[in-house]
Amino acid sequence: MPAVVRGAACAFVAGIALWTSGPVAWADATPGEGPGTLTQVSGDQKDGKVSATAGAVVYDLSKNGSGASAGAVASTTTWTPPACYYAPKYSPDALEAYLTPIWEADSTGYEWDATQRDRYVNGKPYKDFNKDKAGKGYWWDSYVTPGREGDPGALDCTKPIFWVDTGEDPPADIPQAVTPEILSQLAYNQIRVPSTKVTLAPADRTKVNLPTWAWLDGAEFKPVSVTASVPALGISATTTATPYSLKIDPGTSDAVTYPASGVCEFKNDSIGEAYAKGKADETPPCGVKYLRSSGTGSYPLQATITWKISWTGTGTPGGTLPDGTFGATQNVVVQEIQSVNR
């Protein structure tokens, strides 16, 4: 099957819903044994712990953000996690079971089929699907990262299926071959963080020229993490997102923010300070002051949290990945202060 056709097939597999009601299943999936492959897409939720399997990668989501309002972070740079990657997929018997019907159907043309037989059967460079190495390595193939099926980069993994001996590194000329670092990037793609709706005082509506206090409940904004692993290789990586700062955009130029930059940093595991009685004349450490009424409408205040992203992995101290952001918009009604003349 040509590389483009294989890529489309992988996109179809990865497009199956990541979450299913069944547990993670690895039936007949041990590389080097039996006809099974490592291509599985399933999920499991038990006692509040969540895991998911997509392709050859297992994701531990038990320490991830959750809830209907949680969302994925967006990189603050042009970098994005890989849309496709290579990982173990077939045992020798499984590859034979996959390719032989394709060749027999003669749907891909004699010339292509002959080239494939030479590559995997006739010793150019592999012989008889490497059956003599059963249990001593894996056939690697491409996978599409869940959620990235429509991304043009999902078709970038066009290398033909290749063999890697147990304990050996994948070929250096295949940068998307799964490693702890690639796993950290795949885990980045699965990170979910809580909504950034801030608490305001006054709560329902505020007044022109009245400082409005803004803060976040520190208990809801703790580091979250996702661990991605490939059991067949015994490697894993954990990617952690730690809240760093809150950016407030009042939704109008007729406003000032506290601080002036509009960026409130996390201090003592919280952002801002809850308003308390008697602080009406104080300047809020985090907040906004509107200079003009919103009239019959409201202003769309946007609150965006920046998350610092770091990772650790098997055999490596890891490092950092680009910061991620996640924001939410809430409507703020601003009224004129009414005065009474006597």
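Partly exposed, on this tour, describes a residue whose relative accessible area falls between the buried class, under 20%, and the exposed class, over 50%. Keep that in mind as you click along; the model on your screen is a predicted one.

**Stop 1: Glu273**

Select Glu273 to begin. With a relative accessible area of 33%, Glu273 is partly exposed, because that value sits between the two cut-offs of 20% and 50%. Now show the backbone around Glu273: the residue belongs to the loop that runs between strand 17 (271-272) and strand 18 (287-290). For a sense of distance, pick the C-alpha atoms of Glu273 and Gly287, which are 14 residues apart along the chain; your viewer should give 9.4 Å between them.

Next, display the neighbours. Leaving aside residues up to four places away in sequence, Glu273 touches Trp213, Ala214, Trp215, Lys279 and Pro285.

**Stop 2: Lys279, the partner of Glu273**

Which of these neighbours deserves a click next? Try Lys279, whose side chain meets that of Glu273 in a salt bridge, 2.1 Å from N to O. Is Lys279 buried or exposed? Its relative accessibility is 18%, so Lys279 counts as buried, whereas Glu273 across the bridge is partly exposed.

**Stop 3: Asp165 and Lys133**

How many salt bridges does the structure hold? There are eight, and the next one to select is the pair Asp165 and Lys133, with the closest N and O atoms 3.2 Å apart. This pair links distant parts of the chain, 32 residues apart: Asp165 is in strand 8 (residues 162-165), while Lys133 is in the loop between helix 3 (110-120) and strand 7 (137-144). Turn on the surface and look at both ends. Asp165 is partly exposed, at 29% relative accessible area, and Lys133 is also classed as partly exposed, at 28%.

**Stop 4: Lys159 and Asp173**

Finish by selecting Lys159 and Asp173, whose side chains meet in a salt bridge of 3.9 Å, N to O. Lys159 lies in the loop between strand 7 and strand 8, and Asp173 lies in the loop between strand 8 and helix 4 (180-190), so this bridge ties together parts that are 14 residues apart in sequence. With the surface still on, compare the two ends. Lys159 is partly exposed, with a relative accessible area of 33%. Asp173 has a relative accessible area of 52% and is therefore exposed, since the exposed class covers values over 50%.

Definitions and conventions
Residues numbered from 1 in each chain as written. Predicted model: local features only at pLDDT ≥ 70, side-chain atom pairs only at ≥ 80, totals over all residues. Heavy atoms only, no water. Helix = DSSP H or I, 4+ residues; strand = E, 2+ residues; numbered from the N terminus. Contact = heavy atoms within 4.5 Å. Salt bridge = Lys/Arg side-chain N within 4 Å of Asp/Glu carboxyl O. Buried < 20%, exposed > 50% of the residue type's maximum accessible area, 1.4 Å probe, protein only.
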